[in-house]
Amino acid sequence: MRSTTTRGVLWEVIAPVLRWPMRSPFRFFSVVVGIVFVIWLIAQWSDAPDAEPAAQPERGSVSAGQSPSATGSPVPDPGAAATKFVAAWARPDLTTEQWWAGINAARPDESLAQALGTTDPANIEATKVVGSPKVLDQTDREARVEVTTDGPTVIVYLTLVDNVWYVANILPGG
């Protein structure tokens, strides 16, 4: 006599479904490919952007220190961040290790740090910042600042993240 418990009835329904792919290699690999495809579809669906993105604040020009950031505090001056970075960058007299310490303290973003990875500080034509920075463009999240050195003028591109300016790119000879 067979057991008529819920577990026994459930096994009698599920067992043939589980055994079906094992009856031939073709069935087995078809099921595996199907499962992988479904997982891939789910991953693609979950990475897809929303159909209607959230409303973005209007991106207009603002003056440094006038517009509040997302946290409500004033936006820091991008000119100061750009000047700090160029002052650290324009040091051909330093060893590579000392130069990197100064560059990293001036907050480059990861992609700029990688791009500067092969830079020999001795090849930099500037030795110091002269004059005040000039903010060329500034929005709520980005800024472009011109910094004059005793060598070429440098254009510094900055990105605002958590109310801190990070150097995204530099263009010597601006």
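Start by selecting strand β2: A143, V145 and V147 lie on its covered face, while E142, R144 and E146 lie on its uncovered face. Keep in mind throughout that this is a predicted model.

**Strand β2 and its neighbours**

Add strand β1 (residues 134-138) to the selection and keep β2 (residues 142-147) shown; the two pair in the antiparallel sense over 4 bridges. The connection between them is a hairpin of 3 residues. To see one of the pairings, pick K134, whose bridge partner in β2 is E146. E146 belongs to the uncovered face of β2.

Now show β3 as well. This strand is antiparallel to β2, and 6 bridges join the two. The hairpin formed by β2 and β3 has 6 residues between the strands. Select V145 and look across to V156, its bridge partner in β3. V145 is one of the residues on the covered face of β2.

**The salt bridges**

Stay on β2 and select R144, then D137. These two form a salt bridge, with the closest N and O atoms 2.6 Å apart. Are they buried or exposed? D137 counts as partly exposed because its relative accessibility is 39%, and R144 counts as partly exposed at 27%.

A search of the whole structure finds 2 salt bridges. For another one, select R91 and D93, where the closest N and O atoms are 3.0 Å apart. R91 is partly exposed at 31% relative accessibility, whereas D93 is exposed, with a relative accessible area of 58%.

**P133, ahead of β1**

Go next to P133, in the loop between α5 and β1. Its relative accessible area is 33%, so P133 is partly exposed. Which residues does P133 touch, leaving aside those up to four places away in sequence? Show G79, T83, V145, E146 and V147 to see them. V145 and V147 are on the covered face of β2, and E146 is on the uncovered one. Then draw a distance from P133 to T148: the C-alpha atoms are 7.0 Å apart, and the residues are 15 apart in sequence.

**Helix α3**

G79, one of the residues touched by P133, leads to the next selection, since it is among the buried residues of α3. Select helix α3 (residues 78-89) and draw a line between its end C-alpha atoms. They are 16 Å apart, which agrees with the 16 Å that 12 residues should span at 1.5 Å a residue.

Within the helix, colour the buried residues: P78, G79, A81, A82, F85, V86, A88 and W89. What do these buried residues pack against? Show α4 (96-105), α5 (110-115), β1, β2, β3 (154-161) and β4 (164-172) to find out: the buried residues of α3 pack against each of these elements.

**The loop between β3 and β4**

Select D162, which lies in the loop between β3 and β4. D162 has a positive phi of about 50 degrees although it is not a glycine. With a relative accessibility of 72%, D162 counts as exposed.

Then select N163, which is placed in the loop between β3 and β4. Its phi is positive too, at about 65 degrees, and N163 is not a glycine. N163 counts as partly exposed, at 21% relative accessibility; the cut-off for buried is under 20%.

**Helix α1 and its patch**

Move to W11, in helix α1 (residues 6-19). Show W11 together with V9, L10, V13, I14 and L18: these residues form a nonpolar patch on the surface. Together they have about 580 Å² of accessible area.

**The whole chain**

Finally, zoom out and colour by secondary structure. The protein chain has 5 helices and 4 strands, and along the sequence they follow the pattern α-α-α-α-α-β-β-β-β. Switch on the surface: the chain exposes about 12000 Å², and carbon and sulfur atoms supply 59% of that area. Of the 174 residues, 22% are buried. Among contacts in the chain with a separation of 6 or more, 46% are between residues 24 or more positions apart.

How values were computed:
Residues are numbered from 1 along each chain as its sequence is written. This is a predicted model: local features need pLDDT of at least 70, side-chain atom pairs count only at pLDDT 80 or more; totals for chains, interfaces and linings use all residues. Side-chain values use heavy atoms; hydrogens and water are left out. Patches are made of residues with over 30% relative accessible area and no salt bridge: like charges are joined within 9 Å, nonpolar side chains (Val, Leu, Ile, Met, Phe, Trp, Tyr) within 5 Å. Accessible areas come from the Shrake-Rupley method with a 1.4 Å probe; for residues, only the protein chains shown count as cover. A salt bridge is a side-chain nitrogen of Lys or Arg within 4 Å of a carboxyl oxygen of Asp or Glu. Two strands pair if DSSP finds at least two bridges between them. The expected span of a helix is 1.5 Å times one less than its number of residues. Buried means under 20% relative accessible area, exposed over 50%, partly exposed in between (1.4 Å probe, protein chains only). Contact means heavy atoms within 4.5 Å.
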